[in-house]
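Please look through the sequence and the structure shown below before reading on. The report that follows takes the chains in turn and then turns to some individual places.

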Amino acid sequence: MYVAFKEIRRSLGRFTLLSLAVALLVILLLFFQAVAGTLTSGLTGGLESSSADVLVYDVRARLNPANSLIPAPVITQVSESPDVAAVSPIGLSVFTGTTDGDEIDVQLVGGDPTGPSVPAEIADGRLPQGPGEGLFSGSGFDNPIEIGQTVSVEGIDFEVVGTADDAAFNLLPTLYVTFEDFTSASQNRAGIPIEVAPSLLGVIVVDGADPAEVAEQLTQSIVGIEALERPAAVDALPGVGQITQSFNILYVLLYIVVAIVTGVFFLILTVQKQDALVLLRAIGTGSRDVVTSVLIQVLVVVGAGAVIGTVVTAGLLQLTRDVFGASLDSTTTTLSVAAIVVLGLLASVGAVRRVLAIDPMQATRSGAI
Amino acid sequence: MPALEMSQVRKVYGADDQQVVALNDVDLTVDDDEMLILVGPSGSGKTTLLTVAGALLRPTSGSVKVGGVEITDLDDKEAARFRRDQVGFVFQSVNLVPFLTARENLLVVRQFGGSKIDGAAKKRADQLLDELGLGGRGDNLPSQLSGGQKQRVAIGRALMNEPPLVLVDEPTSALDSELGKQVMDLLRSEIKGRGVAAIIVTHDDRVLGYGDRQVQMVDGVLSSAAPATATTT
Ligand SMILES: Nc1ncnc2c1ncn2[C@@H]1O[C@H](COP(=O)(O)OP(=O)(O)O)[C@@H](O)[C@H]1O
Ligand SMILES: [Mg+2]
């Protein structure tokens, strides 16, 4: 302890440098995680936050909501199936809308606002109750639309009456509206009164029923559909896997850099103070005490770097809140910081092995004081 | 009880035809308040003898007792504790931790092995530094001290834990004659003043007059009580 902290104090510069290097890597890691989180939740939020237990797709859509269209008879068939408590159509389509004079892309979600088509939880305001009302949810990448604001889509004015967090589809500003309004918007765009079919069906199962079993049973019994429980539907969304995988590669690279930087630093440090360590061993310091002092330094330096990195990232995300609405997830952050500290300790194995290999006898070999 | 009893101690380095017999069945007894001067040419085995007496090195055969306790069969951990509590070393080469001040170099011995640096330890360190003429130098790093001052700090470090046996290897080899004399005066007064046992290894003629007794080593063999004037390297 004593020696570990005294050394840090005497060589504050180099220890600070390592701490800052670790902090920088932590900033990158946490920032990537925030971006990845915002990206994936912008893609998956809509399904992930849905009040539906089971989602029903057209089997030919291969679980891509954008390709799925449910024929009208299926709605009745699903609602009459065992263990199904409620069904709502979910119409999904991207429109050009205007708000405050600006043109924006709007993801419309049409459904039964009292049924399993809307987010399970709303953040503010209320659900739409009739025509001309919408519930808004944005992704972290666009400007939020507030309650009371109006969004016009294909000649229909939607007043935002409530907001939900992390319930966007396709990384777009998302407006949950009634299925009737969704139909009107689609027909207005087509210019003729086409038949508008929902993309998906949301299903709530009866109390006590297992959503996975109900989904399995629906898939078996109704021709032309594929039903999945919600978590499975989220995982099957196109793009999510690719994003997660790309970012995982970045994380692994960062972890490797942290390990190399820490490992090499402490190895060099140990080699440089070899004489001092030999002396300490020769005058009666146990090898455990010497190893402990190396590990304490790793903990202090990497720990300080991790804390600095976390604080700076939190601050940066707070500052850029308007541009990029992401924040740190406390579980992910804690796990990442813990992983980096553990990795630092593991990486110092080279230094520790060197310390353990010291023969105190070397202290008697010549050289000048 | 003698401070150190070595009997039939043999140390052989290397194997087969590369063998070097550094200690050749050495018998040596040092009384508990005796200051012994060990002289001999370079390569004669002096440092090896100190190393074996201080539990840094196990002899090939023979018995080494310090304070009546056999130390040749200590394991690494016990040997480290023994060195910390029973022996004060002044090495020929590196003696100070470069990133610790003079005072901290004295205190560091106290810290390991679960002990604490308490007020008494600090007082003792300051007192030792004072005695060694380093009163104002406690906060200096080794790089800010001269060779003679560093050697004195090393002596203080060796005495810090009040060991019954002090082992000093070539204390004057890196110092000019004036400084060498100062350091030897100090060593003598510190060691005799405490009534502890010490072995001072040297091949420096100027040191010869300082001990209670003098033995000579040649090629790993001790010859007792060579006359002070006749011994050179
Ligand atoms: N670690 C070692 N391995 C092999 N030979 C050694 C080792 N240490 C010392 N020796 C040899 O043992 C002999 C005695 O060395 P040493 O005890 O250092 O003598 P001194 O201190 O009197 O100069 C020398 O011949 C030296 O080369
Ligand atoms: Mg020697």
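How much accessible surface does chain B have, and what percentage of that surface belongs to carbon and sulfur atoms? In this predicted model, the accessible surface of chain B comes to about 9,600 Å², and carbon and sulfur atoms account for 46% of that area.

## Chain B as a whole

Chain B contains six helices and ten strands. Its radius of gyration is 17 Å, close to the 17 Å that the globule rule gives for 233 residues, so chain B is as compact as a globular protein of that length. Measured out along its principal axes in the model, the C-alpha trace of chain B spans about 50 × 40 × 35 Å.

Of the 233 residues in chain B, 54% are buried. When the contacts of chain B between residues at least 6 apart in sequence are considered, 71% of them join residues that are at least 24 apart.

## Chain A as a whole

Chain A has eleven helices and ten strands, and the C-alpha trace of this chain spans about 100 × 50 × 30 Å along its principal axes. For a compact globule of 369 residues one would expect a radius of gyration near 21 Å, but the value for chain A is 29 Å.

Half of the picture for chain A concerns what is covered and what is not: buried residues make up 50% of its 369 residues, while the chain exposes about 16,800 Å², of which carbon and sulfur atoms supply 58%. Among the contacts in chain A between residues at least 6 apart in sequence, 79% join residues at least 24 apart.

## Two helices of chain A that meet

How do helix α7 and helix α11 of chain A lie relative to each other? The axes of helix α7 (residues 240–272) of chain A and helix α11 (residues 349–356) of chain A come within 7 Å and cross at roughly 20°. Angles under 35 degrees count as roughly parallel, and α7(A) and α11(A) are therefore roughly parallel to each other.

The contact is formed by A:Phe266, A:Leu267, A:Thr270 and A:Val271 on the side of α7(A), which meet A:Gly350, A:Ala351, A:Arg354 and A:Val355 on the side of α11(A). Sorted by character, the residues of this contact of α7(A) with α11(A) divide into five nonpolar, two polar and one charged.

## A glycine in a loop of chain A

A:Gly132 is found in the loop between β4 (124–125) and β5 (133–137) of chain A. Is this glycine buried or exposed? With a relative accessibility of 19%, A:Gly132 counts as buried, because buried means under 20% relative accessible area.

Leaving aside neighbours within four places in sequence, A:Gly132 is in contact with A:Asp157, A:Phe158, A:Glu159 and A:Asp181. A:Gly132 and A:Ser152 are 20 residues apart in sequence, and their C-alpha atoms are 9.5 Å apart in space.

## Positive phi values in two strands of chain B

B:Gln8 lies in strand β1 (residues 4–13) of chain B, and its phi is near 55°, which is a positive value in a residue other than glycine. With a relative accessible area of 42%, B:Gln8 is partly exposed.

B:Asp25 is found in strand β2 (residues 20–30) of chain B, where its phi is near 50°, again a positive value in a residue other than glycine. At 34% relative accessibility, B:Asp25 counts as partly exposed.

## A helix residue and a loop residue of chain B

B:Glu190 is found in helix α6 (residues 177–194) of chain B, and at 5% relative accessibility this residue counts as buried. Which residues does B:Glu190 touch, once its neighbours within four places in sequence are left aside? B:Glu190 is in contact with B:Leu128, B:Glu131, B:Leu132 and B:Leu159.

B:Asp118 lies in the loop between α3 (102–111) and α4 (119–131) of chain B, and with a relative accessible area of 38% it is partly exposed. The C-alpha atoms of B:Asp118 and B:Leu107 are separated by 9.6 Å, although these two residues are eleven residues apart along the chain.

Conventions
Residues are numbered from 1 along each chain as its sequence is written. Chains are lettered from A and ligands numbered from 1 in the order in which they are written. This is a predicted model: local features need pLDDT of at least 70, side-chain atom pairs count only at pLDDT 80 or more; totals for chains, interfaces and linings use all residues. Side-chain values use heavy atoms; hydrogens and water are left out. Axes are lines fitted to C-alpha atoms, for helices over the stretch in contact, and angles run from 0 to 180 degrees between N-to-C directions. Helices (H or I, at least four residues) and strands (E, at least two) are DSSP runs, numbered from the N terminus. Angles under 35 degrees count as roughly parallel, over 145 as roughly antiparallel, 65 to 115 as roughly perpendicular and the rest as oblique. Contact means heavy atoms within 4.5 Å. Ala, Val, Leu, Ile, Met, Phe, Trp, Tyr, Cys and Pro count as nonpolar, Asp, Glu, Lys and Arg as charged, and the others, Gly among them, as polar. The radius of gyration is taken over C-alpha atoms; the globule rule is 2.2 Å times the number of residues to the power 0.38. Buried means under 20% relative accessible area, exposed over 50%, partly exposed in between (1.4 Å probe, protein chains only). Accessible areas come from the Shrake-Rupley method with a 1.4 Å probe; for residues, only the protein chains shown count as cover.
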